[in-house]
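Work through the exercises below with the model at hand. Each task is followed by a solution in steps.

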Amino acid sequence: MIGLEVKIESHVNRVSDAVDRAAFRSLRQAAFQIMQDARASITTSDVASQPGRPPHTRSKRGHNLRNAIQYSATKEEAVIGPVRSKVGDVGGLHEFGGTYYGAEYPERAFMGPALEQNLDRFASDWQGSIE
């Protein structure tokens with residue numbers, strides 16, 4: 001008679017945890033890069049930018065649109081954009097255009113172009129990210 005012993009180990013939880021860690025790391029890196037590109041697109045100038053171009057900021061320090069752009073990421077989602085408590089409705093007004101106190105403002109998108117600029121990188125960021 002031949003004796004046989006089989007031991008089965010499940011590593012589902014370890015694999016799932018590795019996927020979660022990799023997804024969070026990759027998503028956080030992508031969100032950070034989009035934030036950096038959006039900030040870099042906003043330059044300092046005393047005059048308004050041309051419609052269709054990213055907005056200019058007047059201030060090098062303090063509460064300006066460039067410094068108000070931040071990000072937050074979880075393993076499932078990321079939120080990137082100007083913090084309303086720092087710049088109010090100015091971010092949305094620049095991004096999409098609109099009327100503010102009776103004055104018409106043209107679109108001067110900065111978040112959408114930053115996202116578009118990074119779309120090609122996303123797949124490569126996730127490739128090989130599970131250790």
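**Exercise 1. Place Asp-37 in the predicted model: find its element, say whether it is buried or exposed, and list its contacts beyond its sequence neighbours.**

Step 1. Asp-37 belongs to helix α1, which covers residues 12–41.

Step 2. The relative accessible area of Asp-37 is 17%. Buried means under 20%, so Asp-37 counts as buried.

Step 3. Once the neighbours within four places in sequence are set aside, Asp-37 is in contact with Ala-114, Gln-117 and Asn-118. Helix α5 spans residues 111–126.

**Exercise 2. Determine whether Ser-26 is buried or exposed, and how far its C-alpha atom is from that of Phe-122.**

Step 1. Ser-26, too, is placed in helix α1.

Step 2. With a relative accessible area of 2%, Ser-26 is buried.

Step 3. Ser-26 and Phe-122 are 96 residues apart along the chain, and their C-alpha atoms are separated by 8.1 Å.

Step 4. For the protein as a whole, consider the contacts with a separation of 6 or more: residues 24 or more positions apart account for 52% of them.

**Exercise 3. Find the salt bridges and classify the accessibility of each partner.**

Step 1. There are two salt bridges in the structure.

Step 2. One joins Lys-7 to Glu-9, with 3.8 Å between the closest N and O atoms. The cut-off for a salt bridge is 4 Å, so this pair qualifies.

Step 3. Lys-7 has 70% relative accessibility and counts as exposed. Glu-9, at 51%, is exposed as well. The limit for exposed is over 50%, which is why Glu-9 falls in that class.

Step 4. Another joins the side chains of Arg-84 and Asp-89, at 2.7 Å from N to O.

Step 5. Arg-84 is exposed, its relative accessible area being 58%, whereas Asp-89 is partly exposed at 38%.

**Exercise 4. Describe the backbone and surroundings of Tyr-101.**

Step 1. Tyr-101 sits in the loop between β5 (98–100) and β6 (103–105).

Step 2. Its phi is positive, about 50°, although Tyr-101 is not a glycine.

Step 3. The relative accessibility of Tyr-101 is 76%, so the residue counts as exposed.

**Exercise 5. Give the volume of the largest pocket and identify residues that line it.**

Step 1. The volume of the largest pocket is about 160 Å³.

Step 2. Ten residues line the largest pocket, and those closest to its centre are His-56, Thr-57, Asn-64, Leu-65 and Val-90.

Step 3. Two elements, β2 (56–57) and α4 (90–96), give two or more residues to the lining.

**Exercise 6. Summarise the fold elements, the surface and the confidence of the model.**

Step 1. The protein has five helices and six strands. Read from the N terminus, their order is α-β-β-α-β-β-α-α-β-β-α.

Step 2. The protein has 131 residues, of which 29% count as buried. About 9400 Å² is exposed, and 52% of that comes from carbon and sulfur atoms.

Step 3. The mean pLDDT of the protein is 83, and 85% of the residues score at least 70.

Step 4. Among the elements, strand β4 (residues 78–82) has the highest mean pLDDT, 92, and helix α5 the lowest, 79.

Step 5. Predicted coordinates should not be read in detail where pLDDT is low.

Methods
Residues are numbered from 1 along each chain as its sequence is written. This is a predicted model: local features need pLDDT of at least 70, side-chain atom pairs count only at pLDDT 80 or more; totals for chains, interfaces and linings use all residues. Side-chain values use heavy atoms; hydrogens and water are left out. Buried means under 20% relative accessible area, exposed over 50%, partly exposed in between (1.4 Å probe, protein chains only). pLDDT is the predictor's confidence in each residue, from 0 to 100. Helices (H or I, at least four residues) and strands (E, at least two) are DSSP runs, numbered from the N terminus. Contact means heavy atoms within 4.5 Å. Accessible areas come from the Shrake-Rupley method with a 1.4 Å probe; for residues, only the protein chains shown count as cover. On a 1 Å grid over the protein atoms alone, a cavity is a set of points where a 1.4 Å probe fits but cannot get out, and a pocket is an open set with protein on both sides within 12 Å along at least five of seven lines; lining residues have an atom within 4 Å of a point. Grid points are joined across faces, edges and corners, and a volume is the space filled by probe spheres set on the points.
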